[in-house]
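Me: Before the model is shown, I should like each label applied to it to be justified against its definition. Please set out the reasoning in formal terms.

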Amino acid sequence: MKLAYWMYAGPAHIGTLRVASSFKNVHTIMHAPLGDDYFNVMRSMLERERDFTPVTASIVDRHVLAKGSQKKVIENISIKDQQEKPDLIVLTPTCTSSILQEDLQNFVKRAKLTTRSDILLADVNHYRVNEIQAADRTLEQIIAFYLDKQSLNCEKTKKPSVNIIGIFTLGFHHQHDFREICRLLKDLNIEINQIIPEKCCVQNLKEILKAWFNIVPYREIGLMAAQYLEKNFQMPYISITPMGLIDTAEWIRQVCHLVENQKTIFNCTNIKQINFEKYIDQQTRFISQAAWFSRSIDAQNLTGKKTLVFGDATHAAAMTKILVREMGINVCCAGTYCQHDADWFREQVQGFCDRILITEDHTQIGNIISQYEPAAIFGTQMERHVGKRLDIPCGVISAPIHIQNFLLSYRPFLGYEGANQIADLIYNSFTLGMEDHLLEIFGGHDVKTVITKELLTDDNLIWQSSAINELQKIPGFVRNRIKRNTEKFARLNQIQKITVEVMYEAKEALAS
Amino acid sequence: MFDLKFECETGNYHTFCPISCVAWLYQKISDSFFLVIGTKTCGYFLQNALGVMIFAEPRYAMAELEEGDISAQLKDYDELKKLCLQIQKNRNPSVLVWIGTCTTEIIKMDLENIALKIETIIGLPILVARANGLDYAFTQGEDTVLSAMVHRCPEYFLPQNQQSSLVVFGSLPSLVSQQLTKELEIQGVNVAGWLPETHYEELPALGSGVYVCGVNPFLSRTATTLMRRRKCQLIGAPFPIGPDGTRAWIEKICQVFNIQPKNLAQRENQIWKNLKEYLSLVKNRSVFFMGDNLLEISLARFLIRCGMIVYEIGIPYLDKRFQASELNLLEKTCNEQGIPMPLIVEKPDNYNQIQRIRALKPDLVITGLAHSNPLEARGIITKWSVEFTFAQIHGFTNVRDILELVTRPLRRNNNLKELGWSELALNNRF
């Protein structure tokens, strides 16, 4: 047992539901007690979904505990089969129902006899994997199910084409990223064969094999499917995330090299090779504004500013690299909650940050933030709230997210437009450069008394009135930090009364 | 007994898990700490359903069960003791409430006994409430917590003057419980206490000679416990929701205490008069309750009195004895308004309900968030039902708030109707 207030990744069945309900005409039945269908609310509210979420529960109640589900699950499957006529019904256990150890596989087998839709039992262990891992596995499972099933047509498309794997419901900016990837591919003269699973028809999954190779934009979900396809059908894949100018360029190079490679394998040498280096150069220097922005003098003020990054492995790693390589900003700590992917993450950010943090405990990150006091945080909604309490600005770069992160306007994180968006996000997270100086010179906008919210407890330190006056001259957005630092200094040196002199001493001590 | 029609469907409906009661109970009982003993699923639900509250250092937490707990490799007693000591050290509450979940039911964790043992060691009262989705829906969670609390109330001794005492049960925001207390005081009825109060130490005394009366329709278990275990006398009254309900509630209590209520009819009429602008909006409009929080009968009765037509009252669970007065009043209201009796559907099936909504095309559907947006996209106006549980809806003073909620979607759509985009779903099956 462990005490928990907050989790970064949800329970396994949420991952399964996210994948399954992204497909077209796939219905999921949860073997769950009343009230576990909260996923429907999330999808309906966060995604502002217009259609009913294709998820129902086969309710586990006292009768089920006493007698087992018996016919109930099978009945529910056949009722859904008649009502909705889905192509596929996915049956998923939940944390609770998996303890019952009912033979759900057997229910699936028996239901198959009377239904016209395909039926699949989600293969996830609720006590060993989280939402992310379960989604990855479910996607692989559904793809494998249809590729095993069909008589396979391995003929490749005439023009170079790809599958994009891992765009799905409730993903962080997935819809926008997807459009941006499409734009890039179109420029590179590459066709899109299938998008999986968002709005994909399971009956068409056999067409996957027509593509020349696969693209996995986010490594959390889709990697298992891509590896399966590589192993069984010799389809190569690219799992680099085109986030930030440098990685986008690298992504384009890899894509184009792979096209060249496949051309010779498929004997399609008549297709003209595009000059991708010229394309990258053009886009980086003139179409995207991010490269120029970081050279412009306004961005000079960002040099060496201290930031902290936390999120899923994909976004946290990419963001760290962008901050350091493309903006010249210091990352004091980069972290992820994807513990299962810790090695990859370490390898990615090694050398770009002072400290690497792999944890699922939000209090640990909160403490590190209050310890380092970075000028800005790039994290999830949880870090945003920590930032609020400490008066540190935060840009949200990764799930878990709220409804305000499901934006109506076009906000990709990937590709060249994504680079623009990220540059804006970074810049707007810091207090504007000139404002910064002016505040310092003129002593801030406000003359309100010192705000007392803080994380550290005030243990009987007395502030002399002249010191309070001095404190009020300090710009509002750094005042709390100065106050905390001074108190930290006073406590260390066993000073009870804080005078103006103590404040200056503290500042000097900090500078040295 | 009634001319009302009752039906029972499959129970395939959407509602909140009863553990959600911690959200309002930890705020009500300000020196408590709620520990939900369950899995990641429970935690994820609370985290998402309670939204920003999570970030405000709430006085609740999950005791998240891991594989070792499920397979009994770890001792529940040791694990729980460890966590409770940690909570005591960090938060120092006056009472710990353990919320049992589906998982603790299935693995048959003996929470009541473990609580007794740990209670004596750490010197802190521990209440156990089995608010799980196997047995209960949404607001019934509060019912399980309050009925556990009944056992902890001090003993009541009949005073010299032999006067009986009144205890009101049901968790309401302090402001609202004060308003109701005042209404009764005006009539000369003294409220000896509320279950729960804002502090655990202030729990009211119970025993024979104490009359109890509920303010919410989902408290049937608490009522039973009060009667059977503490020998209290239950005043069965309609619930103080809407001016009609509030008046009937006060009248019933007065009747028990042999008091002739004063100016009550006047007070009710005055409230109705103040509602004119809202009533003109709702008159003759039709409503469909999909059902998820057990407030449905009382709300439907009030809306019928407002001049609305109710097609169907979906409800997770109906205790016909506890709600008898409310059902009576509903029937009476229908007759007086001259409208047909609504169909009451226990354990509804959401799929079937959507087919009925499609056929009936009601002016307003009161439903959970899972169906709201999809129905709106099909041109059906909806009101999110959970808001009724969190808003202040009890007593004379708060009637306006109920109608504010009910009419908000109607007013919004009045404002937008010129645009002609009321149906926005592609697959328009309505």
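Me: Where in chain B is confidence lowest, and where is it highest?
Reply: In this predicted model, the lowest confidence in chain B belongs to helix 3 of chain B, at a mean of 88, and the highest to strand 10 (residues 286-289) of chain B, at 98. The score is pLDDT, the predictor's confidence in each residue, from 0 to 100. Helices (H or I, at least four residues) and strands (E, at least two) are DSSP runs, numbered from the N terminus. Chain B has a mean pLDDT of 92, with 97% of its residues at 70 or more. Chain A averages 89, and 93% of its residues score at least 70. For the complex the predictor gives an ipTM of 0.91 and a pTM of 0.89.

Me: What conventions underlie these values?
Reply: Residues are numbered from 1 along each chain as its sequence is written, and chains are lettered from A and ligands numbered from 1 in the order in which they are written. Because the model is predicted, local features need pLDDT of at least 70 and side-chain atom pairs count only at pLDDT 80 or more, while totals for chains, interfaces and linings use all residues; side-chain values use heavy atoms, with hydrogens and water left out.

Me: Which residues of chain A have a pLDDT under 50?
Reply: Residues 446-456 of chain A do, and the model has 26 contacts for them beyond four places in sequence. A contact means heavy atoms within 4.5 Å. Where pLDDT is low, the predicted coordinates should not be read in detail.

Me: How many residues of each chain are in contact across the interface of chain B and chain A?
Reply: On the side of chain B there are 66 residues, in contact with 51 residues of chain A. About 5,200 Å² is buried between the chains, and carbon and sulfur atoms give 62% of this area. Buried area is the accessible area (1.4 Å probe) that two parts lose on being put together, summed over both.

Me: Why is the pair E105(B) and R62(A) called a salt bridge?
Reply: The definition asks for a side-chain nitrogen of Lys or Arg within 4 Å of a carboxyl oxygen of Asp or Glu. The side chains of E105(B) and R62(A) meet at 2.5 Å, N to O, so the pair satisfies the definition. Between chain B and chain A the count is 4 salt bridges.

Me: What makes strand 1 of chain A and strand 3 of chain B a pair?
Reply: Two strands pair if DSSP finds at least two bridges between them. Strand 1 (residues 2-4) of chain A and strand 3 of chain B have 3 bridges, in the antiparallel sense, so they count as paired. In strand 3 of chain B, M62(B) is the bridge partner of A4(A).

Me: Why are strand 7 and strand 9 of chain A said to stand at the edges?
Reply: The open sheet in chain A has 4 strands in the order 7-6-8-9, with parallel pairing. Strand 7 (191-197) and strand 9 (237-238) of chain A each have a single partner strand, so one side of each is left without a neighbour in the sheet. Strand 8 (residues 213-215) of chain A pairs with strand 9 of chain A over 2 bridges in the parallel sense, and I215(A) stands opposite I238(A).

Me: Which strands form the open sheet of chain B, and in what order?
Reply: The order is 7-6-8-9, with 4 strands and parallel pairing. The edge strands of chain B are strand 7 (191-195) and strand 9 (233-234), each pairing on one side only. Strand 6 (residues 165-169) of chain B runs parallel to strand 7 of chain B, joined by 4 bridges, and V167(B) stands opposite G193(B).

Me: What is omega for the peptide bond from I196(A) to P197(A)?
Reply: Omega is near 0°, and the bond is cis. P197(A) is found in strand 7 of chain A.
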